[in-house]
Amino acid sequence: MKVEALPVIQGEHNLLNYAETYGQFDWKDAEKVFSWSETGKVNMAYEAIDRHAEGARKNKIALYYQDGTRKEKYTFKEMKELSNKAGNVLKAYGDVDKGDRVFIFMPRSPELYFTVLGAIKLGAIVGPLFEAFMEGAVRDRLQDSGAKVLVTTPELLNRVPVDELPELKHIFVVGSNVEESGKIQDFNKKFEQSSKFLEVEWVDRNDGLILHYTSGSTGKPKGVLHVHNSMIQHYQTAKWVLDLKEGDVYWCTADPGWVTGTSYGIFGPWLTGTSNVIIGGRFSPESWYKMIEEYEVTVWYSAPTAFRMLMGAGDEIVKAFNLSSLRHIVSVGEPLNPEVIRWGMKVFNLRIHDTWWMTETGAQLICNYPCMEIKPGSMGKPIPGVQAAIVDDQGQELPPYRMGNLAIKKGWPSMMHTIWNNEQKYESYFMPGDWYVSGDSAYMDEEGYFWFQGRIDDVIMTSGERVGPFEVESKLVEHPAVAEAGVIGKPDPVRGEIIKAFIALRDGYEQSDELKEEIRQFVKQGLAAHAAPREIDFRDKLPKTRSGKIMRRVLKAWELDLPTGDLSTMED
Ligand code: WT7
């Protein structure tokens, strides 16, 4: 298919010549921007914050924060001191040492960022949890990681099953007049009394930094461990892909509960000394445009689902705001529809740059750059230093236009270090030839652009969030009325996919809309709102293999009126 390419953007970009840089670049040279590259002794929080707090950026704004009730800003110097204070609280009252898991379960707030940075300064491994998680999701993650410390808010505390978490020793509650008892301590009170001086713990480049739980098609969510070394790529991609420069005001809309909100909501922008806008609270098209106008945001990183919602809100409302500060827009999380790119050209007069990567990859891998032509619908080309290919199931590279596994040659700096407690799972990502296999299918055209085709497994991407069908099915069958459940992603114009569940009821239960709603609420309360099926169909029986595995691909084919394919393994 011939698509109309969008021409390169002329200007002083950090990456000026993609092809030339791709040919010459070596990660060994890139790490030399960091003084630790020789000693190997490093700390992400020092590089992201403290380093700037001493030099010319001392009084530069590091963080602009705003939500429904608060509006604050902090310089790099202040960020250094406030994260030191948070570190001191965790150390003195939480006994936090290098390698301990410190989990953070709270909505976005300045304290969240002070605490993440403070914990990293102690050499701890941070586990950020999305605020929408319900008790079951919180328990699974804290248990699997063996978290020692949790930082949360009074509102979220009742979703923490303290009695089921013997390894959790200290819970800090960020609120006013917190009642202290047992493991529970008042964060704010201790924060105020703490010193703004802290000795940073120097760690090895491959020591643990952050643990993001993410879903697969089978089993419970897995803990993807990233290490300090990944900063090399966070820094380099913040330069090349986000194109961040000294005067920029950058806004990443992702929550730190997801990898985009840490790699590019914390590390990338601050490693490059950029002013970072963080907005808490809920989404409305008006409030988003208002934030861009108010902070004069220049670089904006968001997701297709958000762009589609903005597109749905209409072009008139865009005109009500002055968005002339914007110079660069970037997207991640799901396929970026050519339609959305065309809309962006129309209303912002800017190209939206798609980027492809995953929780496991830690940072951007296949991207569109200002200096490169964009083919709408394509994810772009691998960043310099990264080799991507389409391989068959044996790891053999396929020629252009052949669809296959999107694979990356092992060895980029931000690659996950392991899957927590599950080395076997980690190994399962790799194929002969040192290929990391993404789980996505794609093809490459003759000019080296990659085109996303779909997930190979059954993982569902809904509003840019990854949901494992097995997790939802497991929760569904906990409901007394549910005998069996099969869950699929159903294409949706705004959300990318929605979660659809097929349910066989136990004897004695009657199908009804009330029951559907009750089951939906059950998943919402037990797992998370975004994991609850938006659609439920009752069936007498579900298609299963002879070994009893629910055949999601058959459910999907039925739902979408597609051929069901080979049914030889299906039970009678
Ligand atoms: C999966 C990873 C990395 C942050 C966001 C998601 C899908 C991601 C794109 C894109 C098409 C994309 C893939 C991938 N995905 N970016 N630009 N075009 N699909 O991270 O939750 O780990 O999900 O998201 O299917 O495998 P994640």
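The domain division, the central sheet and the ligand surroundings of this predicted model are described below.

The protein chain is divided into domain 1, spanning residues 27-442, and domain 2, spanning residues 459-560. The C-alpha centres of domain 1 and domain 2 are separated by 30 Å. Contact between the two involves 22 residues of domain 1 and 19 residues of domain 2. On the side of domain 1 that touches domain 2, helices α7 (135-145) and α13 (304-312) each contribute at least two residues, and α13 gives the most, with five. By class, this side of domain 1 comprises eight nonpolar, eleven polar and three charged residues.

The UniProt record, an unreviewed entry, places the feature "domain: AMP-dependent synthetase/ligase" at residues 51-416. Over residues 51-416, helix accounts for 31% of the chain and strand for 23%, and the end C-alpha atoms lie 25 Å apart.

An open sheet of nine strands with mixed pairing follows the order β3-β2-β13-β12-β14-β15-β16-β17-β18. Its edges are formed by β3 (71-75) and β18 (381-382), each of which pairs on one side only. Within the sheet, β12 (residues 249-252) runs parallel to β14 (residues 299-302), and three bridges join these strands. Tryptophan 251 is positioned opposite tryptophan 300 of β14.

Around the ligand are 21 residues, of which Trp356, Met358, Thr359, Phe452 and Arg466 come nearest. At least two residues of this shell are supplied by each of α11 (259-271), β16 (352-356), β23 (435-444) and β24 (450-455). The shell around the ligand consists of nine nonpolar, seven polar and five charged residues.

Methods. Residues numbered from 1 in each chain as written. Predicted model: local features only at pLDDT ≥ 70, side-chain atom pairs only at ≥ 80, totals over all residues. Pairing = 2+ DSSP bridges. Helix = DSSP H or I, 4+ residues; strand = E, 2+ residues; numbered from the N terminus. UniProt positions renumbered as here; feature names shortened; annotations may be inferred. Near = placed C-beta within 6 Å. Nonpolar A, V, L, I, M, F, W, Y, C, P; charged D, E, K, R; others polar. Domains from an automatic or database assignment. Contact = placed C-beta atoms within 7 Å.
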